[in-house]
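User: I should like a close look at a single part of this protein, namely its pockets and the residues around them. Please set out the answer as one connected account that a first-year student can follow.

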Amino acid sequence: MSDRKNVVDIPGDDAAPEAMHPVIDLLQALALDINFEFPPYGDDAVKSLGTGFPDETRAAIDAADATLFGAGSKDSTEIVRYLRWGKGTYANVRPARWVPGCNSPLANPQNIDLVILRENLEDLALGIGGDLEELYPLGLSSGRAKSTLQDVGEAFGGGKYAIKMITEGGTERIVRFSFELARKRKAAGKRGKVTCGTKHNLIPHPDGLFLEVSNRIAPDYPDIEYENWIIDDFARRLIAEPQEFDVVVLPSLYGDIFSDAAGGLIGGLGLCPSGCYGEDYAYFEPIHGTAPDIMGQNIINPTATIRTATMMLRHLGYGETADHVDRTIDKVYRDGDRLTPDQGGTASTTQFCEAILERLRE
Ligand code: ATP
């Protein structure tokens with residue numbers, strides 16, 4: 001039986017395809033037994049098929065072993081929603097590792113090697129909300145003396161609300177994922193520590209539950225260190241002592257914010273990959289957006305996309321190749337002569353990828 005893997009590739013919008021196309025060339029140069037499919041999506045699909053997410057693209061995603069996604073805006077948003085909620089990819093693994101040559105703003109970025117593990121399906125990411133007046137019949141207190149939400153809403157010209165939903169089961173599986181990940185990392189020589197971050201003092205219901213579940217599960221993993229911080233205290237610690245962190249498990253919104261922050265510490269969004277894992281599907285997408293401000297200039301840093309691809313290769317069983325590519329990227333940064341502008345260099349996206357390919361062939 002063939003071990004051939006099928007990967008759906010969606011390069012994304014704005015500048016994202018400028019990173020994805022050379023990365024696909026690079027993956028194809030590795031001559032792995034992977035078939036890449038490029039189904040229609042986004043603006044072009046709207047023009048030709050009347051929708052940004054055609055049925056054939058959904059079918060291709062369903063049939064594939066994984067999806068590699070660039071970064072989406074506008075008409076591709078529905079695809080990301082499907083990859084997350086439709087495929088149940090609840091665990092968003094966002095590593096931030098500094099390597100020499102990366103443009104960190106810190107004087108001492110050595111040994112920053114952490115993972116922000118973002119719960120991907122709950123919290124405010126659900127996008128549920130509406131007009132404040134929908135809540136008036138509940139008679140909720142506004143928190144101000146002797147006034148309801150309705151009193152305040154009416155006095156201040158109405159307003160909006162959003163739902164922050166955290167479930168017990170959703171938290172349990174992401175927290176268990178964090179400990180399993182810490183175990184794997186410990187086996188690979190890393191610290192073996194889980195940090196949980198919440199604002200349980202201010203938001204006792206959802207954040208309190210997230211913390212309570214984390215605290216309850218931690219003793220099941222006595223080989224892994226465990227700590228929890230109030231999220232603002234975590235913010236300070238992340239900046240002051242980023243080397244202290246290994247796996248950081250966070251509800252969705254904090255995970256989104258602090259993975260960008262961790263990316264900033266190691267040298268920027270152009271370096272930061274991610275993988276989203278569910279029970280029976282995984283998709284892979286750099287944490288950065290579509291970088292519209294640098295579109296068409298061939299200067300987007302493809303490191304995030306390449307490292308995202310190596311996360312996918314590991315998932316597909318090509319761990320050694322993934323390690324080899326990651327080590328090769330590290331060497332190109334150490335050499336430092338063909339880096340993109342975001343890393344202080346003058347190389348184009350194409351030249352950076354050529355440097356990787358040359359090094360891979362050595
Ligand atoms: P989103 O909300 O979709 O996450 P965003 O508004 O946060 O997107 P990004 O598209 O991530 O924005 O871009 C933020 C800044 O980082 C922009 O100035 C962009 O050019 C820069 N940037 C993002 N990714 C890269 C990259 N791979 N290489 C170089 N610069 C990048």
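Analyst: In this predicted model, the largest pocket holds about 830 Å³ of space. Its lining is made up of 29 residues, and those closest to the centre of the pocket are Pro-95, Arg-185, Lys-190, Met-311 and Arg-314. Several elements give two or more residues to this lining: strand 4 (91-97), strand 5 (113-119), helix 6 (168-187), helix 10 (303-315) and helix 11 (319-335). Of these, helix 10 gives the most, with six residues. Sorted by class, the lining of the largest pocket contains 15 nonpolar, three polar and 11 charged residues.

The second largest pocket has a volume of about 360 Å³. A total of 23 residues line this pocket, and Gly-72, Val-80, Arg-84, Tyr-283 and Glu-285 lie nearest its centre. Two elements, helix 4 and strand 4, give two or more residues to the lining of the second largest pocket. Helix 4 gives the most, with five residues. By class, this lining divides into seven nonpolar, 10 polar and six charged residues.

The elements named above also lead to other parts of the model. Helix 4 (77-86) is one of the elements against which the buried residues of helix 3 pack; the others are strand 1 (5-10), strand 2 (34-37) and strand 3 (66-69). The buried residues in question are Thr-57, Ala-60 and Ile-61, within a helix that spans residues 55-63. These three residues lie on the same side of helix 3, because they cover an arc of only 100° around the axis. The face turned away from that buried side carries the exposed residues Asp-55 and Ala-63.

Strand 4 and strand 5 are joined to a further residue of interest, for Ile-112 lies in the loop between strand 4 and strand 5. Ile-112 has a relative accessible area of 1% and is therefore buried, since the cut-off for a buried residue is under 20%. Leaving aside residues up to four places away in sequence, Ile-112 touches Ala-96, Arg-97, Trp-98, Leu-106, Pro-242, Gln-243, Leu-265 and Ile-266. Ile-112 and Glu-244 stand 132 residues apart in sequence, yet their C-alpha atoms are 8.2 Å apart in space.

Glu-244 appears again among the contacts of Lys-193, a residue of strand 8 (residues 193-198). With residues up to four places away in sequence not counted, Lys-193 touches Ala-182, Ile-224, Glu-225, Glu-227, Glu-244, Asp-246 and Val-247. Lys-193 has a relative accessible area of 4%, so this residue too is buried. The side chains of Lys-193 and Glu-227 are joined by a polar contact of 3.2 Å.

Two alanines in loops complete the account. Ala-291 is placed in the loop between strand 12 (282-284) and helix 10. The phi of Ala-291 is positive, at about 45°, although this residue is not a glycine. Ala-31 belongs to the loop between helix 1 (16-29) and strand 2. Its phi is near 50°, again a positive value in a residue other than glycine. Ala-31 counts as exposed because its relative accessibility is 66%, and the cut-off for an exposed residue is over 50%.

Technical notes. Residues are numbered from 1 along each chain as its sequence is written. This is a predicted model: local features need pLDDT of at least 70, side-chain atom pairs count only at pLDDT 80 or more; totals for chains, interfaces and linings use all residues. Side-chain values use heavy atoms; hydrogens and water are left out. Buried means under 20% relative accessible area, exposed over 50%, partly exposed in between (1.4 Å probe, protein chains only). Helices (H or I, at least four residues) and strands (E, at least two) are DSSP runs, numbered from the N terminus. The arc is that of the directions from the helix axis to the C-beta atoms. Contact means heavy atoms within 4.5 Å. A polar contact is a pair of N or O atoms within 3.5 Å; within protein, one must be able to donate a hydrogen and the other to accept it, and residues adjacent in sequence count only if both atoms are side-chain atoms. On a 1 Å grid over the protein atoms alone, a cavity is a set of points where a 1.4 Å probe fits but cannot get out, and a pocket is an open set with protein on both sides within 12 Å along at least five of seven lines; lining residues have an atom within 4 Å of a point. Grid points are joined across faces, edges and corners, and a volume is the space filled by probe spheres set on the points. Ala, Val, Leu, Ile, Met, Phe, Trp, Tyr, Cys and Pro count as nonpolar, Asp, Glu, Lys and Arg as charged, and the others, Gly among them, as polar.
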